[in-house]
Structures are given as structure tokens and as C-alpha cells.
Amino acid sequence: MSDTILILGACGQIGTELTQKLREIYGREQVIASDIREGDAAFLNSGPFEIINAMDKDRILEVIKKYEVTQVYLMAAMLSATGEKIPLKAWDLNMQSLLHVLELAKEKYIQKVYWPSSIAVFGSTSPKVNTPQQTIMEPSTVYGISKVSGEHWCNYYHNKFGVDVRSLRYPGIISWKTKPGGGTTDYAVDIYFKAKEEGKYECFLSEETKLPMMYMEDAINATIQIMQAPAENIKTRTSYNLAAMSFTPKEVAEEIQKHIPKFKISYKPDFRQEIADSWPQIIDDNKARKDWGWNHSFDIELMTKEMLTNIQSKNNELLKTL
């Protein structure tokens, strides 16, 4: 494939695995990873890497010209829980990085842009069950505000300037490879690590808090699939709803107990509970399934088996190096 891809925020939870998958598809030299900091040695040795602050438009353009980049995946962002602690910094990072990349696409330096949105665009006034593609959006977090604003900027640049920008509203993303990075759905990652390492977990959400979730492999596949789809199939230029499964902390704990019967969970809701309560429980993603053929592969049973098996293997490898 002739495309050359730049990933901004490649060292994050999604960016790390997205980089690896894109290199398998396009070739290691065709995918340039970048972040404000260096990744680990294995990541740095797997292909080209550049230090880039996503708020530095000139530096982004310098790297685009250096490698003759045709596509940019903008994965750099400050997530919901972290953003509530430093809201103005979250707004600046999340918005300025997007506007820089959209401007570069408008100026024809790149041909295609991917930018992730989130279920955080929805708020307490949005329908909680089968939340539709188009509905009331009154987000309660700076992260959600930045994402709903970003969606409209994407749509504006597409309609006004013909920019080919594509986006997905991610649910909570669950992975065993990278530790979580400050999101409200992060309990659904941490619970698996604590189950294997300590046999217990204290959850920062209440036991009946149902939220949409997705295994990382499905999220990566959806991201690449929407970018590879013909432009005429992408009929939504704000951001597509994306779904796989929805569950509560109690339900995932019960699933873990099928594999680790002695696992214990306790609950101590904190400020993230209010954020979670404002979000949907079940997402309607029929438009994504109809327009470009999205379909998920992992449910909670299969995901739990994969998570626990891979965390055990990872821990075994770490023990060998000690």
C-alpha cells in the first residue's frame, strides 16, 4: 500500500496497539509513530518514531514533509477524569491539536484524517438505552465538550473545504497490553490486572453502573476499517456511534469469578461516578454497521478469557526477566 501514516499520540492506550496493527498492514517504514515523550525500547525499535507535541503545528508539518505523509491519525488527547482536574489544559490540547491537523488537510499537505470522538459527547439528557446516532448532546465534562465541539469542526471542514476526516465515538476500551490513561471507564481494565495480581479490586463506580465497552482488538479493527472504507460509504462526518457490549462492574466481576472463584470486589464510588451516570448505557450503532460494514467480534465472556490469559502470560514473561 502506498499510504504513509503519521500517528500523533502513539504511546497512549489505543495509539500503541494501533501503531502495531498499521505496521503489520502497511509496513513498518510506512507508519511513523510520534508522541510528546518516547515509548519503551521495543516500541522505538519497531519503526520510525518522532517526538511531536500535538499542539505544535509547525513540528507536525515538518514531520509530514519529511516522510511524505498522506494520512494522520490524531490519537493525542486528555481523557475524561484527568481533564476534570485541569479543564483548560484539556480543552487546549483536545481542540488545538485537531484544528492544526484539519488546517493541514485543508492546505492539502495530507489526504485523510482520523480523529476519535467518545461516548462522552452524550450527557444526562441523552437517551440512556439505545442512544441513537443523532440525539441531544449536553456533555457534563470538558472532555465531552471538546469532543462534541471537535465533531462539528470535523463536519465543518469536510463540508466547507472537502477534508476527508473520519471519526468514531469510542466506548470504554479494554486492553491487557497498555495500562489505562485517566478515563472514567478505566476500572474495566484495572479490574483484570488486580484480579490476577491481588485477587481483589476496589471499584470507583457503583456495582450497577452499566456502560458501553469494547475489547481493544475490535476498536483497532473498527478504526482501520473506517479509514479504508470508500469515501462514498462514509455518510456521517461528525462521528459514528460504535458499540460492542455493555456491562456493570458487578457483571464483569461475576465473569472473572468463573475463572478466579476467590476474586473479591468492593465499591467506593468517587467523582467519576457522576461522570459515568451522565453517559449512555447501551449505544445504537446501526449506522456504522449499515454504512461501512462494522461488526464486533468480542463479548464479555470471550474478552474476559482473553484478558486473564494474556495478563498471566505477560506476568510470566516479566518474572523471567527478574
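# Notebook: a predicted single-chain model

**Entry 1: His 100.** I began with His 100, which sits in helix α5 (residues 87–106). The model is a predicted one, and I read every value below in that light. Is His 100 buried or exposed? I found a relative accessible area of 15% for His 100, so this residue counts as buried, the limit for that class being under 20%. I then listed its contacts, setting aside neighbours within four places in sequence: His 100 touches Ala 54, Met 55, Asp 56, Lys 57 and Ile 60.

**Entry 2: the chain as a whole.** I counted the secondary structure next and noted 12 helices and 14 strands. The radius of gyration is 19 Å, close to the 20 Å that the globule rule gives for 322 residues, so the chain is as compact as a globular protein of that length. Along the principal axes, I recorded a span of about 55 × 50 × 40 Å for the C-alpha trace. Of the 322 residues in the chain, 54% are buried. The exposed area of the chain is about 14,100 Å², and carbon and sulfur atoms supply 49% of this area. I also looked up the contacts with a sequence separation of 6 or more: residues 24 or more positions apart account for 77% of them.

**Entry 3: the six-stranded sheet.** I traced an open sheet of six strands in the order β3-β2-β1-β4-β5-β7, with parallel pairing. Which strands stand at the edges of this sheet? They are β3 (49–51) and β7 (165–166); each has a single partner strand, so one side of each is left without a neighbour in the sheet.

I examined strand β1 (residues 5–8) in more detail. In a regular strand, the side chains alternate between the two faces of the sheet. For β1, I found both faces covered: Ile 5 and Ile 7 are buried on one side, and Leu 6 and Leu 8 are buried on the other. Strand β1 pairs in the parallel sense with β2 (residues 31–35) over four bridges. Leu 6 has Ile 32 as its bridge partner in β2.

Towards the β7 edge, I noted that β5 (residues 112–114) and β7 run parallel and are joined by two bridges. The bridge partner of Val 113 in β7 is Val 165. Helix α8 packs on this sheet, where it touches β4, β5 and β7, and its direction makes about 155° with that of β5. I also found helix α3 (residues 57–67) lying across β1, β2, β3 and β4 (71–74), at about 155° to β3.

**Entry 4: the three-stranded sheet.** I then turned to an open sheet of three strands, ordered β9-β11-β13, with mixed pairing. At its edges stand β9 (172–174) and β13 (245–247), each with a single partner strand, so one side of each lacks a neighbour in the sheet. The twist from one strand to the next averages 45°. Helix α8 (residues 216–228) packs on this sheet too, in contact with β9 and β11, and its direction makes about 80° with that of β11. I recorded three bridges in the parallel sense between β9 and β11 (residues 211–215). Ile 174 has Tyr 215 as its bridge partner in β11.

**Entry 5: nonpolar cores.** Which residues have the most contacts inside the largest nonpolar core? In this core of 39 residues, I listed Ile 174, Tyr 187, Tyr 192, Met 213, Phe 247, Phe 263 and Met 303. Several elements supply at least two residues each, among them α6 (142–161), β10 (200–203), β11, β13 and α12 (300–321). Helix α7 gives the most, with seven residues.

I followed Met 303 further. Not counting residues up to four places away in sequence, Met 303 touches Ile 174, Tyr 192, Tyr 215, Met 245, Phe 247 and Phe 298. A second, separate core has 34 residues, including Leu 18, Phe 43, Met 75 and Tyr 240.

**Entry 6: Lys 262.** I closed with Lys 262, which lies in the loop between α9 (249–257) and β14 (264–267). Its relative accessibility is 74%, so Lys 262 counts as exposed, the limit for that class being over 50%. Lys 200 is 62 residues from Lys 262 in sequence, yet the two are 8.5 Å apart in space, C-alpha to C-alpha.

Notes. Residues numbered from 1 in each chain as written. Predicted model: local features only at pLDDT ≥ 70, side-chain atom pairs only at ≥ 80, totals over all residues. Heavy atoms only, no water. Buried < 20%, exposed > 50% of the residue type's maximum accessible area, 1.4 Å probe, protein only. Pairing = 2+ DSSP bridges. Axes fitted to C-alpha atoms, helices over the stretch in contact; angles between N-to-C directions. Contact = heavy atoms within 4.5 Å. Core = buried A, V, L, I, M, F, W, Y, C linked by side-chain atoms within 4.5 Å. Rg over C-alpha atoms; globule rule 2.2 N^0.38 Å. Areas by Shrake-Rupley, 256 points an atom, 1.4 Å probe, with all protein chains shown as cover.
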